[in-house]
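Student: I am new to this structure and would like a close look at a single part of it. Could you show me the model, please?

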Amino acid sequence: MVNLTIDGIKTQAPKGTTVLEAARSLNINIPTLCYLKDINEVGACRMCLVEVKGARALQAACVLPVSEGMEVKTNSKAVREARTTVLKLILARHERECLTCSRNLKCELQKLAEDMGIDTVDYEGEKIHYKVDMASPSIVRDQNKCILCGRCISVCKNVQGAGVINFARRGIKTTVTTSYDRSLSDVACITCGQCIKVCPVGALREKDDRDRVWEALDNDELYVIAQTAPAVRVALGEEFGLPVGTNVEGKMVAALRRLGFDKVFDTDFAADLTIIEEGTELINRIKNGGKLPMITSCSPGWIKYCEHYYSDFLDNLSTCKSPHQMLGALAKSYYAEKMNIDPKKIFVVSVMPCTAKKFESGRDELTVDGLRDVDAVLTTRELAKMIKEAGIDFKSLEDDKFDRVMGESTGAAVIFGTTGGVMEAALRTVADLLEGKDLDNIDYTPVRGLEGIKEATVKIGDLDVKVAVAHGTGNAGKLLERVRNGEADYHFIEVMGCPGGCINGGGQPIIIDKEKTEEVCRLRAQGLYDIDKGMVLRKSHKNPEIKALYDDYLGEANGHKAHHLLHTHYVK
Ligand code: HC0
Ligand code: SF4
């Protein structure tokens with residue numbers, strides 16, 4: 001242990017700890033704008049300057065290791081003056097359109113300016129005006145607001161394994177950009193939105209589709225259907241001041257009705273359907289010598305990553321469309337026929353924790369007979385904005401229920417929203433189908449939790465089923481390298497593009513205090529596991545609406561009609 005003094009308090013910290021961490025362990029808050037633990041520790045923003053006895057200049061606490069006998073002041077006159085100057089210089093370069101910024105009231109720079117009592121920006125220097133990159137279907141990049149903290153660069157490269165953005169040029173002309181300043185839509189960006197989540201300001205945001213959805217809702221000719229992803233219900237409440245992880249399913253459904261949707265369905269219904277289709281596909285591949293390991297195909301950021309970086313694994317992907325695309329396809333076929341509605345007049349809106357779903361819904365592979373499965377995708381954040389725009393008092397809404405015949409779901413479906421959930425849901429069904437009985441032990445805990453790569457061998461009948469789970473595409477890449485090199489082999493792999501799975505998707509509420517990210521992920525995941533635990537039906541094949549769908553419409557799992565509507569194939 002290293003002995004040191006911070007602001008007159010004697011303390012000890014393990015060797016290798018930074019002064020920033022040592023101070024935080026004493027509840028001394030040193031401000032930061034670029035620091036992200038284990039991801040971006042670069043000392044770029046200079047907000048964390050501290051005074052160290054005997055040192056000639058102020059030091060950046062986030063990259064300064066503790067040393068024996070060190071005496072640190074975090075709040076001296078010199079420190080306060082330096083930080084104020086640094087912050088005013090950042091503000092001088094930043095396009096200060098706070099009132100109309102997507103991050104208004106959720107901006108770390110704004111909060112810091114308020115915390116530090118900044119009431120003037122004394123410097124006005126040369127400014128370069130950059131064109132806003134609007135070409136990606138998922139991500140908007142506005143360099144005019146960028147403060148060059150480098151977090152997006154680090155998360156894109158180190159966590160997601162994509163590395164499509166970097167610093168370019170020098171001095172006043174320094175920017176964060178793509179190679180040759182191309183649009184994100186023209187480089188190998190996987191549209192995951194993890195860069196949005198770490199951006200301290202509004203330089204990165206989702207492509208806003210609220211206007212298109214309002215237009216559809218105002219059009220009397222259209223029959224507008226909403227569906228909501230598993231992970232939205234345990235995060236939407238945060239936008240209205242409710243505790244992290246609160247299940248607001250009932251209020252969310254009520255709010256969607258108030259907004260004017262004709263029907264509100266549950267993507268969880270289609271998650272159950274995915275398990276039947278994907279589970280059957282897995283059993284067929286294992287029994288008939290098909291391509292293994294089979295890899296899940298429901299996370300569009302992951303699919304795009306596979307296409308760009310691991311295209312030799314494309315045939316390993318399950319041919320199942322992702323659940324919300326399945327539901328969209330059924331809305332315009334099964335439901336349209338049942339209700340005698342012209343499918344061309346049905347407009348499907350998916351409410352998702354994900355920015356990549358915006359890209360996915362526009363893919364040509366995800367159409368049936370020329371009609372898009374899904375017409376628009378809103379993130380959790382956009383739905384919250386629409387609810388606020390409409391003047392709905394979310395917290396006081398009475399709980400409402402999803403519409404039938406695509407509104408019933410099981411516990412297996414709701415855990416899709418967290419890493420390991422699709423695997424656990426699949427194992428619950430595959431084990432029952434292969435053993436031919438209703439098994440009691442259905443909590444597959446080895447695939448739960450936030451470890452980057454999880455592995456398990458599950459004994460089903462005579463078969464040892466080897467499975468792996470990866471979340472965050474960087475981890476997926478590491479896992480696939482091992483498979484490619486013959487160091488590991490599995491029957492089935494679950495990949496979710498975002499770290500933690502959809503609970504931490506690029507479209508979820510912004511976590512302003514980045515130190516709390518892991519805790520927030522745990523609480524959102526716990527919210528989903530609690531819902532699962534409280535449900536009577538916890539296996540997808542027990543869902544009565546799914547049984548009715550096969551009996552009345554689809555016929556058999558993986559059959560001709562199911563393939564036409566619910567499956568696709570991605571090629572190089
Ligand atoms: Fe997910 Fe999904 S679980 S990808 O994480 O499979 O976005 O929540 O909606 O479609 O169901 C996201 C979440 C979904 C889909 C489902 C899957
Ligand atoms: Fe990188 Fe994902 Fe952001 Fe694209 S969306 S720039 S891949 S972090």
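Is the crossing of H8 and H14 left-handed or right-handed?

Tutor: Happy to help! This is a predicted model, in which local features need pLDDT of at least 70 and side-chain atom pairs count only at pLDDT 80 or more, while totals for chains, interfaces and linings use all residues. Residues are numbered from 1 along each chain as its sequence is written, and chains are lettered from A and ligands numbered from 1 in the order in which they are written.

The crossing of H8 and H14 is right-handed; that is, the near helix is turned clockwise from the far one by less than a right angle. H8 covers residues 267–288 and H14 residues 421–435, and their axes lie 9 Å apart at an angle of about 55°. The axes are lines fitted to C-alpha atoms over the stretch in contact, with angles from 0 to 180 degrees between N-to-C directions. H8 is therefore oblique to H14, a word for angles that are not under 35 degrees, over 145 or from 65 to 115.

Who touches whom? H8 brings Ile275, Ile276, Glu278, Gly279, Leu282 and Ile283, and H14 brings Ala425, Ala426, Thr429, Val430, Leu433 and Leu434; contact means C-beta atoms, placed from the backbone, within 7 Å. By class, 9 of these residues are nonpolar, 2 polar and 1 charged.

Around this pair, the chain has 18 helices and 19 strands, which are DSSP runs of at least four residues (H or I) and at least two (E), numbered from the N terminus. Its C-alpha trace spans about 80 × 55 × 45 Å along the principal axes.

Note on methods:
Two residues are in contact if their C-beta atoms, placed from the backbone, lie within 7 Å. Ala, Val, Leu, Ile, Met, Phe, Trp, Tyr, Cys and Pro count as nonpolar, Asp, Glu, Lys and Arg as charged, and the others, Gly among them, as polar.
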